[in-house]
Structures are given as structure tokens and as C-alpha cells.
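Student: I am new to this structure. Please take me through one part of it closely: the place where its domains touch.

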Amino acid sequence: MNTQMPLRCGELLSTQLYIDGCWCNSEGGGSLPVVNPSTEEFIAEVQAGDARDVERAVQAAARAFSGWKNTTGAARAAYLRAIARGVEARRESLAALQSLNNGKPLAEAEIDIGDVVATFDYYAELAGQLDETGEAEVVIPSADHRAVIRREPAGVAALIVPWNFPMVTTAWKLAPALASGCTVVLKPSEVTPLPELQLAAIVAEVGLPPGVFNVVTGTGADVGAPLTAHPRVAKVSFTGSTAVGEQVMKTAAETIKGVSLELGGKSSIVVFADADLDLAVDLVAGGAFFNAGQMCSATSRVLVERTIAEALIARLAERATQMVVGDPFSPGVQMGPLTSRAQFERVQRFIERGKADGARLLVGGEVPAGPGYFVKPTIFVDVPTDSAVWREEIFGPVLCVRSFDAEEDAIEAANDTDFGLVATVVTRDAVRGKRVADALAAGVVWINTPQLIFPQTSWGGYKQSSIGRELGPFGLAAFQEIKQVLTVS
Ligand code: NAD
């Protein structure tokens, strides 16, 4: 096991807070332990920030705002590109830190790094374009006036992120926030602060003006809540659970600040009888077991057309039992541990509830012997539609399967959820694929493809999964205000 990894990563850098261009200790002087989920061993401790640190960070960001706002898009683009190059240069150590702290297999961690680089490069491009497109004249029915619409940065932005894709969820917020001209205070998850602090060190290195970028580590209660409540914060961009998202929205409402929320999901993969079965098995397994199922976009409900249900279920059972679960640094490992003890216990409670609610446990459910938060890939069939495992986000490697007879029934079942983040459709019939995609109440639909996400597109969902969208021009707009200036001509 790679418990020495922080030392091997050598350059980590700092476990301090980053405020106003300096690494510093928290006012309270406390610390939080960081654990390797594969071994349950303590690997580092980071600063436990609190409201006093939030105050310092927000004031620094507020002081830096007018200067940063008035830089050109081209100048901000240069910083973003420098961050992308910095991440690329430390690709290996960043991936290793992710595997160490989050538990994901190294190959998956490497995919995350590629995503981070692509996101910073993409928003560098958009930042550069702002010099041309940030202000536009509008045609109005008056010869006596001239109307201009401008896009301006919202102000100080609070970025609050979870632990399942550390660095990726951060990049999706940080890159557009900086591109727009916002100054930021980032609050990483207390579960996975190490990769985030490494990313912070890279951002710190590119020489942004002091106060433009600040990081305060700590718990949700001690850092996230005061950050959300702070009157100088203009915008909160939050990714995490629906329960905490609701709390964030309520707190933000007290000062009428803008919120973007990326929350939970309970998404379906619909497999029709004409599907390529090999492809279907790959897509179902990927959608359920990638990142040990700790994905907001997990397609953890399979809806399979009854005529091929038996064949698909047999293939899925075979795939799940053959998956190699273990140390994320071992070559060939396909699934690591869950990221925290709390998540490990939560997933086990769901598995017990599934059994109690009458779902049939086909494979998995057991916990391998030894240390680490490992759970075997688990499949339930004949799952009651009112059971917790069918309706609630589990956030672990637990797949639930039901069959359907008609296309309308599959659509109805897929849409029968409080969430609406993503969906996957597997069929050889392109017309049907489009028809079903049109009918699904989800923010992203993949047809016959794995869960590829390009920064140029969009991310977010319907119903209780999201408010607003990340990525693409939408992700930039989330950090902008719109100003109309009308003058006499
Ligand atoms: P969480 O809601 O427990 O925590 C998320 C972040 O919020 C953490 O940094 C936490 O410290 C902070 N926080 C906690 N209480 C807070 C409060 N009162 N005020 C402000 N901040 C507070 O979520 P998690 O367990 O870290 O992550 C898992 C959840 O994230 C899942 O529900 C998953 O679906 C969701 N998620 C969604 C997306 C998406 O794009 N929709 C992506 C990744 C994860």
C-alpha cells in the first residue's frame, strides 16, 4: 500500500490555508485528519478553518475584485492556461494523490487530470473571447438612444465542492469563475483536501494577484455555512448532496445571493432488446461501478426490455463478480474502496434495506476481509419501485435492475424520480434513441456511449438534481451579471 505517498509526491506542498496570496494557519489552530480509504491509515492533517478564516478570505477576495474584474479577458486566459500547464506538469503526482485520498484506481484518477486540464484550457478560450463578446450593442426601436448589454463578473464567488471527484468539480467552478473576472474562496471537502491543496499550490504558483484565489479547508458547518451566509459573497456555486444543497439555498436566500447547485441523482440506463449486448454490459457496469459508484451521474437503475432481461442480468452478474476490487495503485484493479467510513457504512445500510424491502440480492453485498472501505459490486433484481434502493441515491457500487415491456413504460419508470441528472439509452434504433432521449427528464442523455463529458457542452439536471448548469458557456454565465447601459445617441 502506498501510505507514504504524500512523501513520495514530495511537493505536497502545503496543508495550510491560502488567503490573500499567502499560505497561513487557521485562526483557531485546529486540524483535521486525512485518511487513506484503502488502509484506513492516517496520512496527513490539514487546517481546520472556521468563520474567522472565512472572514479573512472573503475580505481578501473583495479587495482584489475591482482589480481582477478590470483585467482583460486575454490576461485572465493566460493565467488559466498557466494553471492547465501546471496541472499537466504534475499529472502523475496529482493522480497519485487522488488515488491515495479518494481511493479511485490510478487509471480513473488520470482521466480526472485530463478533464481538469481540458476545463482550464476551454475557459481560457472563453475568457479570451470576452474581450470581443463581453459587450454587445442591441438593436432598439429608438434613433435617439444607444443600448449596450454587458456581461460583468458577479463579484466574490464561494466554491464549495464534494469528495467524489476532487479537482474535477473544483475545476468546473474555478476555471469559469476566474475567466469571468470573479475572485473566489474555495472550500474543498474535508474528506479529500489533499488533491485540492495540490491544485491550489499550482494555482498559487501562476502569480495571480493576491486575494483573487483563496482556499479555506474545514468542515461544512465551520467553513461552508459562514461562507454561504457572508454578505460580501455574491455567488455560491455548490456541488454536493441535495440535503446540504437545500441548506445552502436557504442560507443564501437570507442575503439574496445567486446560487448554482449540482446535487444528487438517481439515474437510469434503459436497455432495449435490439441493443448490442456487449456494449450494454460495458455501459451498465461503467455507469454503476466507475469510481465505486460514487457518482452523481451513476446510472444505478437498469431498465431492461423483458425479452433480453435474463441474458443481460446473467452477463452483469458475471461482470460484477469478476471485477477486481482492491488497492487503487495495483495494476489491473478496477474498483477501489469507498472514500470514507461514513460512506462505507451508509452503503451497507442501503444493502440491508434493499434485502429487507424484498429486492433479490443477485451478487455482492459482502465486505471483503481486511482494512479499507471496500464493498463488492452489488446487484439487486426484482427491485420494488417503492424501495429505498430504487428511489434514493446510494452513492456506492449498488445496481438495481427492473424489466419493462413497452417503451412508454421504460420512459415512465426512468422519469419516476425526484432527480433528473442523466440517463443512458442503449438501442440500435437511432430513431427510438432520439425519441426516448426527448422524453427523458434529464439534463444529460447518452445514447450508446459511455459517460463522456466534454467541457464545451453542459452539465446539470432537472428537478432536484440541479439549479443552473455548469460547463460550456452556461458555466461562465453562472458567474456573470448582465448590465444594460442606455445612452442618448
Ligand atoms: P455534502 O453535501 O455532504 O458536502 C459537499 C460540500 O458541502 C463539502 O465541502 C461539505 O463540507 C460542504 N458542506 C456541508 N455542510 C454544509 C453547509 N451547511 N453549508 C455549506 N457547505 C456545507 O456532499 P458529499 O458527501 O461531499 O458529496 C456527495 C454528494 O455530492 C452526492 O449527493 C452527489 O450526488 C453530489 N455530487 C453532485 C454532482 C453533480 O454534478 N450534480 C457531482 C459530484 C457530487
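Tutor: What follows is a walk across the interface between the domains, with two short looks elsewhere.

Keep in mind that this is a predicted model. Start with the division of the chain. Domain 1 covers 5-263 + 466-488, and domain 2 covers 268-453. Domain 1 is thus written as two segments, 5-263 and 466-488. Between the C-alpha centres of the two domains there are 31 Å.

Now to the interface itself. Domain 1 brings 29 residues into contact, and domain 2 brings 26. Together the domains bury about 2100 Å². Of that area, 61% falls on carbon and sulfur atoms. Which three residues of domain 1 supply more of its buried area than any other three? They are Glu40, Glu108 and Trp163, and they supply 25% of what domain 1 buries against domain 2.

Glu40 deserves a second look. Its side chain meets that of Arg341 in a salt bridge, at 3.0 Å from N to O. Glu40 belongs to domain 1 and Arg341 to domain 2, going by the domain bounds. The count of salt bridges between the domains is 1. Polar contacts add to the picture. Across this interface, 9 residue pairs are in polar contact, with both residues at pLDDT 80 or more.

Which elements build the domain 1 side? Two of them give two or more residues each: α4 (91-102) and α5 (106-133). Helix α4 gives the most, with 5 residues. By type, the residues on this side divide into 14 nonpolar, 10 polar and 5 charged.

Next, a look at a strand pair. Strand β5 (residues 135-138) runs antiparallel to strand β6 (residues 145-153). Their pairing rests on 4 bridges. One bridge sets Glu135 against Arg150 of β6. The two strands form a hairpin, with 6 residues between them.

Last, salt bridges over the whole structure. A full search finds 29. One pairs the side chains of Arg319 and Asp282, at 2.7 Å from N to O. What does this pair tie together? Arg319 sits in helix α11 (residues 306-322) and Asp282 in helix α10 (residues 277-289), so the salt bridge ties together parts that are 37 residues apart in sequence.

Back to the interface, to finish. Find Glu40 and Arg341 in the model, and you have the salt bridge that joins their side chains. Then find α4, the element that gives the most residues to the domain 1 side.

Methods. Residues are numbered from 1 along each chain as its sequence is written. This is a predicted model: local features need pLDDT of at least 70, side-chain atom pairs count only at pLDDT 80 or more; totals for chains, interfaces and linings use all residues. Side-chain values use heavy atoms; hydrogens and water are left out. Domain bounds come from an automatic or database domain assignment. Contact means heavy atoms within 4.5 Å. Buried area is the accessible area (1.4 Å probe) that two parts lose on being put together, summed over both. A salt bridge is a side-chain nitrogen of Lys or Arg within 4 Å of a carboxyl oxygen of Asp or Glu. A polar contact is a pair of N or O atoms within 3.5 Å; within protein, one must be able to donate a hydrogen and the other to accept it, and residues adjacent in sequence count only if both atoms are side-chain atoms. Ala, Val, Leu, Ile, Met, Phe, Trp, Tyr, Cys and Pro count as nonpolar, Asp, Glu, Lys and Arg as charged, and the others, Gly among them, as polar. Two strands pair if DSSP finds at least two bridges between them.
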